[in-house]
Each structure stands twice: as C-alpha cells, then as structure tokens.
Amino acid sequence: MEKFVKLTGVAAPMPLVNIDTDMIIPKQFLKTIKRSGLGVNLFDEMRYDDNGNEIPNFVLNQPAYREAKIIVAGDNFGCGSSREHAPWALLDFGIRCVISTSFADIFYNNCFKNGILPIVLPQEEVDKLMDDAERGSNAVLTVDLESQEITGPDGGTIGFDVDPWRKHCLLNGLDDIGLTMEKAASIDAFEAKAAMERPWV
Amino acid sequence: MSPKTLYDKIWDAHLAHEADDGTCLLYIDRHLVHEVTSPQAFEGLRMANRKVRAPDKTIAVPDHNVPTTEGRDNPEAMPEDSRIQVAALDKNAKDFGIHYYPVSDVRQGIVHIVGPEQGWTLPGMTVVCGDSHTATHGAFGALAHGIGTSEVEHVLATQTLIQTKSKNMKVEITGKLSPGVTAKDITLSVIGLTGTAGGTGYVIEYCGEAIRDLSMEGRMTVCNMAIEGGARAGLIAPDEKTFEYIKGRPHAPKGAQWEAALAWWKTLYSDDDAHWDKVITIKGEDIAPVVTWGTSPEDVLPIDAEVPAPESFSGGKTEAAKRALEYMGLKAGQKLKDIEIDTVFIGSCTNGRIEDLRAAAEILKGKKIKVKRAMVVPGSGLVRAQAEEEGLAEIFTEAGFEWRLAGCSMCLAMNPDQLQPGERCAATSNRNFEGRQGRGGRTHLMSPAMAAAAAVTGKLTDIREMN
C-alpha cells in the first residue's frame, strides 16, 4: 500500500447525497480478477453517455477537475455494495482523499486498506470546502495527515479526526495482514480456548 | 457482571486480541466466499505465499455472475469475463481446500441462502463475507457483516478481522402486523424512518412481538437490509424457532454437541438493563405495505401514498429527490398505485426463500401476468426443488413467469438478467440505485406478494385490495 503523508491537489465537488458504490463503479466492471485499471470506468454511468462519449458537464470531465486528487462529497458517500472495486477505481483515477459529512461503514474501511484517506467533517466545514472545490483549479487543497489539517486556498485550516492506528498504517503504508500475523500466538491461544468452549463451531 | 446486549456478548466471546490503543482482533467462525470479491484476495495470498488459515471454516459458492438459465454448467454458456471469474473460484477452492458448492451442485445458490440452509450459520457465531448482505445471517443471532476484498484476504490468512466496536441500537417492532404486511415492509419502513445513514456506526438488534412472530425466513429478510440502513450488522436473538430451523441441517451440531450448543445459545439475548446508544420503537400496526419510489432504499412510502415533491425534503436530499424523480420518470403528486410496470423480479438474498415463493404463488394462483416479462429466481437449488415439489413452479409458469435456476440474477444484474433503459421493474430485491438492475432501469422495491400482485395488474398494487 502506498503511504499517505501529505496530499496537495484539486478537489472535485460532488454535492449529491448517498453516492453509492454502484455509481462509483457499476457492476459490469466487477468481472475483473485484478485490482488495477478501473480508473477509466470510475463513475462510468455518470461520466459517459450510451455511446461511450464523455458527458461534458460531469465534474471529472471538466478541464479543471480531470486531475483531481480529492473529492468533496455529499452525505453518506460510498453506501451500498461492499465492492472494494470502488476505492480501487478512485485510486486508479488518482483520488487519494474523500471528504464528506459521513461515509458508509464498509466503504470507509476499504479506503484505509488502499491508501485513501476518508475525512469526516461537520456540515459547515464540508460546505466551506465544497465552495473552495467549486472554484476549480484555482482552489488547491492540502491534506496533511501528520498534523491532521486541511489547508484551503485562502490559507485557512480545518482540523480533522482519524483513528490513531489507521493513521499510523497510512503514514507508513503498512500491510494489515503482516501486522496481524505477528499476533499469531494470541490467535492460536484463542482458537484452542474456543475449541474447548464451543467445539461445534 | 455488567449487563450486556446480544452484540456485546458475541463480541466478547470472539475477542482474540486487544491492543493498548483499543484495536481489536475479532475471531471469525464462518467465512463465506463468492466469485466476484475474492479473486484478488486469493491472488494476494499466493503472492505472499500464505495459506488459508482455517479452510474448514471457509465456504465458497458462485452466485453473482452465474446465468440462471438451463444448460449453464456448460462453461461456454457464460460470457468470457464471468467464466474466468467462476473458473478462478473453482481453482481457488480446490487449491486452498475450502468447502465448495459448484454451479453443477443442487445445493448451489445465493451465498446468504446457502449458509443457513446448510447449517453453516449458527447462533452466536461471527460470520463475514465479501458482500454487504451478509447481515442476513444476523437472523440467527450471529454477528454477521460484509467486508471488502482486502479484509477477505485478511480473514483467509488470519481468520480474524481488525475491528473497532460499534454502538448498540435497538429497533423494537411492537404488537402485531396488519394483514398484507410482511418482513419486507418492516425492514423497508425502518429504513424509510432512519434513512440510509441512520444506522452508520451501529449494530442493530431487532426485537419486539412482531419480530418474534416472524418465521426464520422473515427474520432473514429483516436483517438482510440492515446494511441499507447503514448499520454494520443487524441481528435477532435466537429462540425456539431458530433452534427448530437449525436442527438436523447438514452442518448443524449433533448429539451431545447439539445439547452443549443449545445450552450456550439460550444465553444469547440482551440483558434487561443493557445499555442502548439508540432506541427506535415502531408499532407493528402502523406499518403498511410499502414500495420505494426513488433511487435510494430510504425512498419508502406506503403503497396508497403519492410521489413526494422534492421540495418536501431538506438539505442535499432535495437535489437527490429531483434527480431521482427524473431518473425514475415520475412526477410529484402522482399516485404510486397508478405507476405502470413492465417487468417483475422475484428472488435475491432478501426474498428468494421458500416462504417468499409461497407468498407470491398464493397471489398468482390461477391468474395471468399483465407485464412484458416476469421471472422467479429461487435463492438456491434446494429452494427451487422444494418449490417444484410443492407445485409452486407450475403456478408461476402457468401465470407466465420464467422459472429460473438459482443465483443473484437481476438483483445486481451482473449476469445476463438485466433491465433495458427505461424499463420499470417491481422487484423483491434490496437496492433501487440508478442502474442497479441495468443501465437506465427503474426499480421499485417491495415484498414478494406485492411484486406478484403488480405482475397480475401491470402496475404497483395494494396487496390489501387483491382478491
């Protein structure tokens, strides 16, 4: 997993609420057995017409946002299916950070496994960043995970919370599985005890 | 000992490790696997030269991609990309030595229907699957939730999941349901009330007389859609109905082990004075037969209501409702009962069990469909066989329904079962998102009986007005 330390880039505004993972990556692209290459189909049905041509007014098709690294989104981003293809598609496009008032649980977890930082902020701060994002390429945001601060185009900063363990893993690009395997003795002990207590499992 | 909720009890019984910073490793009793969200996880194991830690607790079945038409065990029947994914699951199951129900096996079906049917899902267990509708298994008093592919790989390798504990929410449905009101109406009504983000950060326990009165099939329908309300999981305390359902199933405990299991299962309930972070109470009699009108499962209204005006919502929902009405081709003020449909889909992990098929067949008996296309997709090969034995298949086909083989089918339309742009479907599945059942397709969610009624009349129909 690629480390996430500090990210500077354009933020794309997507104020719609309940953006679901079917919108982020429609089902026809889930038939891959790889994690890569999904960026071109990110938001496919919003981004392209029936003939595969770009829909010009979709945010990521506009010149200012084609290189966006951040999305500022409406409430409950990532709801629906558990498909990790959603963060894979975001990552493949170049999105490393999503900011919203809330995220669906599974999507939120999936982001951290892929070096994407989801940030939850109160409504008024998301509104402020949405305004900044509307200003396009003139409005570059900087997200500093170390200091847990977002710096806006006008120099003002907004602090954010992040789970300390997840922060540690993102900052260092750590592989969860390797870390859990270091605790194999605890898992062995639990398994032995559970086998005595609940042998039918 | 301090009082605990059912969720607290299951959590405590599965805590394998807790770090100083509070990060927990939760031990996983059952890991269900399907073809769409697992290939990258198995590839990850191979690349790191890792094994599946507990193959005997890992169960795989292809369901999302598979065609539901006859002759499908011929690999040529599948498009190449689907075939590759199913073949990858075949190979991964064999290479890693996990339990497997291939397409050719009569026990194959939707993973969340196969698990309980085969007795893999038991009370007090932790159950995960790379699929959000894993919440279904909560009906047995198991802690069950969906995970992403990275977490699938983590569970395969370590049989644990890194977790932080959720908060406790109680959803109580008191009293009795009115005639025509089903488990689907309960679960949709709860989402209509709380919204799709209302459960975020919570595990929901459903309780109350109306829940206790439900069959196991109905309880699975309720828990299945906990995820649509944003909750990590939904569960229901096990009782005699649960034990009766489990007893004698292929992987249920037997003999002395059954007795030991039963003794523990009977301790699995929330203590009277347990702490709840949020409580929602709904009177059973206040729940009506409902349908969805929009493109989010929270867009729920009683069937006798009208399409709402976007201006009646606040915040970002106004814009979302405007977009939804445009997508759905509906106008504010239109009566829901006037909405004409052309397609009916009965099936899915929400409503693809025998009881659902019985409820639909009851409505269809001796009638003909008035829609362009209607299909029934049983949730498993065994559900299909039972429905054939009970004569339900005949009722469906005589009414004009297509009688399909088991799979996820038009719930997510990854296989050839898809809506065409502009087609409008009465569906018993769980999501009405834009494009969910096919690009441009329009979905109204409802119970199996309501979907059957819609098939007969050609429009959304109040089940209470059917003869």
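Helices here are DSSP runs of H or I at least four residues long, numbered from the N terminus. With that settled, A:S186 can be placed in helix α8 of chain A, in what is a predicted model.

A:S186 makes a handy way into the structure. A:S186 counts as partly exposed because 17 C-beta neighbours fall inside 10 Å, whereas 20 or more would make a residue buried. Once neighbours within four places in sequence are set aside, A:S186 is in contact with B:A16 and B:H17. Looking back along its own chain, A:S186 is 119 residues away from A:E67, and 45 Å separate the two C-alpha atoms.

The chain that carries A:S186 has eight helices and seven strands. Taken along the principal axes, the C-alpha atoms of chain A fill a box of roughly 60 × 45 × 25 Å. Chain A runs to 201 residues, and 45% of them count as buried. As for how the chain meets itself, take the contacts in chain A between residues at least 6 apart in sequence: 69% of these join residues at least 24 apart. An unreviewed UniProt entry annotates residues 1–124 of chain A as "domain: Aconitase A/isopropylmalate dehydratase small subunit swivel". That span, residues 1–124 of chain A, is 22% helix and 17% strand, and its end C-alpha atoms sit 32 Å apart.

Now for the interface between the chains. Chain A puts 46 residues into the contact and chain B puts in 58. On the chain A side, at least two residues each come from α1 (21–24), α4 (105–112), α6 (164–172), α7 (176–181) and α8 (184–197). Sorted by class, the side of chain A that touches chain B has 20 nonpolar, eleven polar and 15 charged residues.

Chain B is split by the domain assignment into domain 1 (6–163), domain 2 (167–286) and domain 3 (290–465). Taken over C-alpha atoms, the centres of domain 1 of chain B and domain 3 of chain B are 28 Å apart. Their contact draws 21 residues from domain 1 of chain B and 22 residues from domain 3 of chain B. Helix α4 (residues 111–117) of chain B gives four residues to the domain 1 side, the largest share of it. By class, that side of domain 1 of chain B has six nonpolar, ten polar and five charged residues.

Two helices of chain B show how burial plays out locally. In helix α1 (residues 6–13) of chain B, the buried residues are B:L6, B:Y7, B:K9, B:I10 and B:A13. These cover an arc of only 160° around the axis, so they end up on the same side of α1(B). The buried residues of α1(B) pack against five strands of chain B, namely β6 (126–129), β7 (143–146), β9 (167–174), β10 (202–207) and β11 (233–235). In helix α2 (residues 39–47) of chain B, the buried set is B:P39, B:Q40, B:A41, B:F42 and B:G44. The cover over the buried residues of α2(B) includes α3 (80–96) and α5 (149–158) of chain B. Just after α2(B), B:N49 adopts a positive phi of about 55°.

The largest nonpolar core has 201 residues, and B:V344 and B:A451 have the most contacts inside it. Helix α16 (residues 448–457) of chain B provides eight residues, the largest share of this core. Apart from neighbours within four places in sequence, B:V344 is in contact with B:V371, B:A374, B:C425, B:A426, B:A451, B:A454 and B:A455.

That leaves three cysteines, B:C349, B:C408 and B:C411, where UniProt (unreviewed entry) places the feature "binding site". The three are spread over 63 residues of sequence yet cluster in space, with a largest C-alpha distance of 8.8 Å. B:C408 lies in the loop between β17 (402–403) and β18 (424–427) of chain B, and B:C411 is likewise found in the loop between β17 and β18. B:C408 is buried, since 32 other C-beta atoms lie within 10 Å. B:C411 is buried too, with 27 other C-beta atoms within 10 Å. Not counting residues up to four places away in sequence, B:C408 touches B:D63, B:H64, B:I110, B:S348 and B:M414. On the same terms, B:C411 touches B:G347, B:S348, B:S429 and B:N430.

Technical notes:
Residues numbered from 1 in each chain as written. Chains lettered and ligands numbered in written order. Predicted model: local features only at pLDDT ≥ 70, side-chain atom pairs only at ≥ 80, totals over all residues. Domains from an automatic or database assignment. Contact = placed C-beta atoms within 7 Å. Nonpolar A, V, L, I, M, F, W, Y, C, P; charged D, E, K, R; others polar. Core = buried A, V, L, I, M, F, W, Y, C linked by C-beta atoms within 7 Å. Buried ≥ 20, exposed ≤ 12 C-beta atoms within 10 Å, placed from the backbone. Arc of directions from axis to C-beta. UniProt positions renumbered as here; feature names shortened; annotations may be inferred.
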